[in-house]
Amino acid sequence: MSGPRKDAEFGLGAIEVREGRTTQIGDLGIVRVLPTKNRRTIGPWCFVDLMRSDDIAEPPPLEIGPHPHIGLSTVTWLFAGSALHSDSLGTQQVIRPGELNLMTSGHGIAHAELGLDTEAVSGPGGFMGVQMWIAQDEGSRHGSSRFEHLAELPIVDLTNGEASLLVGDFGGASSGATADHPAVGLDITVAGFLEIEAEQAFEYGVVPIDVPIKVEDVIVEPGSLGLVPVGHNKLTLETKRGVGRVMLIGGQPLGEPIKMWWNFVARSQDELTQAWVDWDTGDEQRFGPVPSKLERVDSPRPPWLGGGPK
């Protein structure tokens, strides 16, 4: 991990590199790069998990039973393999590489995720992807839930690379995904030196997937996150040799502190407690049934309530 770096060309701020941490969701091994120490959000983005099938002992690579969310949108993007999304709106949607699932929870939603093509994608180099959360702002987080599946996304040609546009606007294109707060999400292929446009009002996160990426004069390794502050109208990315893949997320700072616990994004501890109670007691007015064969995920007890595990 490195501290802030001053860059004469950037001039306005410092790039920080934060190392991700390994953890698991069910049997699936992941690297979590956001939130990180002293940093909960990048723009409205508040959560980034890199999913890698070579971190699990045996298939299935993805099997997460019905569980709840509030106050956020989940952005699911696969590099390899496929998965079935099911939710309490009645949605059942297969997602494959090149397609985007965007689920917005609002006041409350429940969903499940099941990896498909287990034999084909298990093992090294198999199932891979990223799941990211966007914190909803005050104007939308108490609203209704929705689900969007985008079968095709804009591809923006870049000198020495190209970018799939998941969220927001970039290079004259618009992703078509609903965004409640100014944000951008890109899957970029880099071959050598690449200069891309940036919004001065945005802060950015650079997440290398397979090879180290040089961001200005800072090296960011796979499994780490490069934090770029607001104030820049361009970013330079570079691979030492060959082709690299990198996720770039960004947006206007949310402008309000958030609280995160388990699968919930809120503004107060009381809101988190109420969401836990509603899931724990099976409140179907808030978290309806999910059409899934997977077992419902029990919620842990909030640590601030004391009393130990349920």
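**Strands, sheets and confidence in a predicted model**

The protein chain averages a pLDDT of 90, and 88% of the residues score at least 70; pLDDT is the predictor's confidence in each residue, from 0 to 100. This is a predicted model, where local features need pLDDT of at least 70 and side-chain atom pairs count only at pLDDT 80 or more, while totals for chains, interfaces and linings use all residues. Residues are numbered from 1 along each chain as its sequence is written, and side-chain values use heavy atoms, with hydrogens and water left out.

Student: How many helices and strands are there in the protein chain?

Tutor: Both kinds are DSSP runs numbered from the N terminus: helices are H or I with at least four residues, strands are E with at least two. Going by that, the protein chain has 2 helices and 25 strands.

Student: What is the strand order in the open sheet of 7 strands?

Tutor: Two strands pair if DSSP finds at least two bridges between them. Pairing in this sheet is antiparallel, and the edge strands, E3 (21-25) and E13 (146-150), each pair on one side only. The order is E3-E4-E5-E12-E7-E10-E13.

Student: Which residue in E5 stands opposite Arg-32?

Tutor: Strand E4 covers residues 28-34 and strand E5 covers 45-52. They pair in the antiparallel sense over 4 bridges. Opposite Arg-32, in E5, you'll find Asp-49.

Student: And which residue in E9 is the bridge partner of Ala-83?

Tutor: Look at the open sheet of 4 strands, with order E6-E11-E8-E9 and antiparallel pairing. Its edge strands are E6 (63-69) and E9 (92-95). Strand E8 (residues 82-87) pairs with E9 over 4 bridges, and the partner of Ala-83 is Ile-95.

Student: What share of the residues count as buried?

Tutor: Buried means under 20% relative accessible area, exposed over 50%, and partly exposed in between (1.4 Å probe, protein chains only). Of the 310 residues of the protein chain, the buried share is 55%.

Student: Among contacts between residues at least 6 apart in sequence, what share join residues at least 24 apart?

Tutor: A contact here means heavy atoms within 4.5 Å. Among those contacts in the protein chain, the share is 71%.

Student: Where does pLDDT stay under 50?

Tutor: One stretch has 28 contacts beyond four places in sequence in the model, and another has 10. Where pLDDT is low, the predicted coordinates should not be read in detail. The stretches are residues 1-12 and residues 119-125.
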